[in-house]
Amino acid sequence: MFFQQRRAPTRLVAEAVDPTRRRFLKLGCACCIMAAAPLSRLEAQAVGSAEVQRHLAAAREAAGTDLTPLLRLADVIVPPTERRPSMEELIRMPAPPPGRAFDNLVFLGSEWVTAWAVPTSDGIILIDAMDNDEQAETITDAGMRRTGLDPTAVKLLVVTHGHGDHYGGCGHFQRRYGIRVVMSGEDWRMVETKLEFDLPAWGRPPKRDIAVEDGGKVALGDTALDVIATPGHTMGTISLLMDLKDGGATHRGLLWGGTAFNFGRQPDRIRRLQAYIDGTARTREIAARQGVDVLLSNHTGWDGAAQKLAAKRPGAPNPFVLGKDTVQRALTVMHECARATMGVWNA
Ligand SMILES: [Zn+2]
């Protein structure tokens, strides 16, 4: 497994974090902040209930043997027996090589978080900005150059949701290239008022720029990304539907904007989980209608993007093309894990 190849940590530089705040943030390390809240006795009992077990079984059945990474969503109610690498360990690992998942979609990411570049006829749309300025430079910019893209051609940056591992490098792109930043109105409000997670390794949130909502488009040149609201992970999380070109073929892709149920300590966790349940059901219908056959994430741990890229061979089927049925199954796994978690959190 890729996460067993641990190497020496690299130094991370956060942007403009004052020393007092940095000390404060150290008190709540990534694993503690992001970890699931411990289950109460009633919640632990609810895990064994027929309802919760039925949803977990439905999730496992939909996952089959190919979508098992998505079952980790249920870690919040069924803690894994094996040790999983922490976010900080994943951030420190050497970044996987960048590369073209499709003719018009380039992977630029670390083992933790992914930025995607969408080259268009009038410049590049970047989706997410990594953890901080240093990564934006050494992973995103360098990755674009390595794959034949010019970072100065980036015009728009879509931030899928208001957590620092997706906006942290925004400042780099705004200052250096004068790009515009797109986020949902709800998450602009969130990053302007209260950050629900923050880490010393994350850059500061961008200043409010363009807001998009469900049904909107992010358009540049010959390309338009369709925005759908998929709230839950944050209440303003957006996902993107896009046409993906692969040689002569065009596929329909869905980039899911916020996956984990890491809001178990938040007072509005039930509202958010219900939004996630409704959002996965609605998106499954949209995906079926539009023939979505590619499902992407902004974390390689969820979509295996780095491994798929490494496995991609000229002339062979593109490993990023899952097929319509598999995309439907994936959304079912997410939906059923959310419903199982609801059965526990509601106990
Ligand atoms: Zn997040």
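## Helix 8 on the sheet

Helix 8 (residues 170-177) lies across strand 4, strand 5 and strand 6 (180-184), at about 155° to strand 5. Helices (H or I, at least four residues) and strands (E, at least two) are DSSP runs numbered from the N terminus. Angles run from 0 to 180 degrees between N-to-C directions, and axes are lines fitted to C-alpha atoms, for helices over the stretch in contact.

This is a predicted model: local features need pLDDT of at least 70, side-chain atom pairs count only at pLDDT 80 or more, and totals for chains, interfaces and linings use all residues. Residues are numbered from 1 along each chain as its sequence is written.

## The sheet

The sheet is open and has 7 strands in the order 1-2-3-4-5-6-7, with mixed pairing; two strands pair if DSSP finds at least two bridges between them. Strand 1 (99-102) and strand 7 (210-212) are at the edges with a single partner strand each, so one side of each has no neighbour in the sheet. From one strand to the next, the twist averages 30°.

Strand 4 (residues 123-127) and strand 5 (residues 154-158) run parallel and are joined by 4 bridges. Leu126 has Leu157 in strand 5 as its bridge partner. Helix 6 (residues 133-146) also packs on the sheet, where it touches strand 2 (105-109) and strand 3 (114-120), and its direction makes about 145° with that of strand 2.

## Helix 4 against helix 13

Helix 4 (residues 50-63) packs on helix 13 (residues 324-345) at an angle of about 165°, the axes being 8 Å apart. The two helices are therefore roughly antiparallel (angles over 145 degrees; under 35 is roughly parallel, 65 to 115 roughly perpendicular and the rest oblique). Their crossing is left-handed, meaning that the near helix is turned anticlockwise from the far one by less than a right angle.

Among the residues in contact (C-beta atoms, placed from the backbone, within 7 Å) are Glu51, His55 and Ala59 of helix 4 and Arg329, Glu336 and Gly343 of helix 13. This contact has 10 nonpolar, 3 polar and 4 charged residues; Ala, Val, Leu, Ile, Met, Phe, Trp, Tyr, Cys and Pro count as nonpolar, Asp, Glu, Lys and Arg as charged, and the others, Gly among them, as polar.

## Helix 10 against helix 13

Helix 10 (residues 269-290) and helix 13 cross at roughly 160°, and their axes come within 9 Å. Helix 10 is thus roughly antiparallel to helix 13, and the crossing is left-handed.

The contact includes Leu273, Tyr276 and Arg284 from helix 10, with Leu331, His335 and Trp345 from helix 13. By class, its residues divide into 13 nonpolar, 6 polar and 3 charged.

Technical notes. Contact = placed C-beta atoms within 7 Å.
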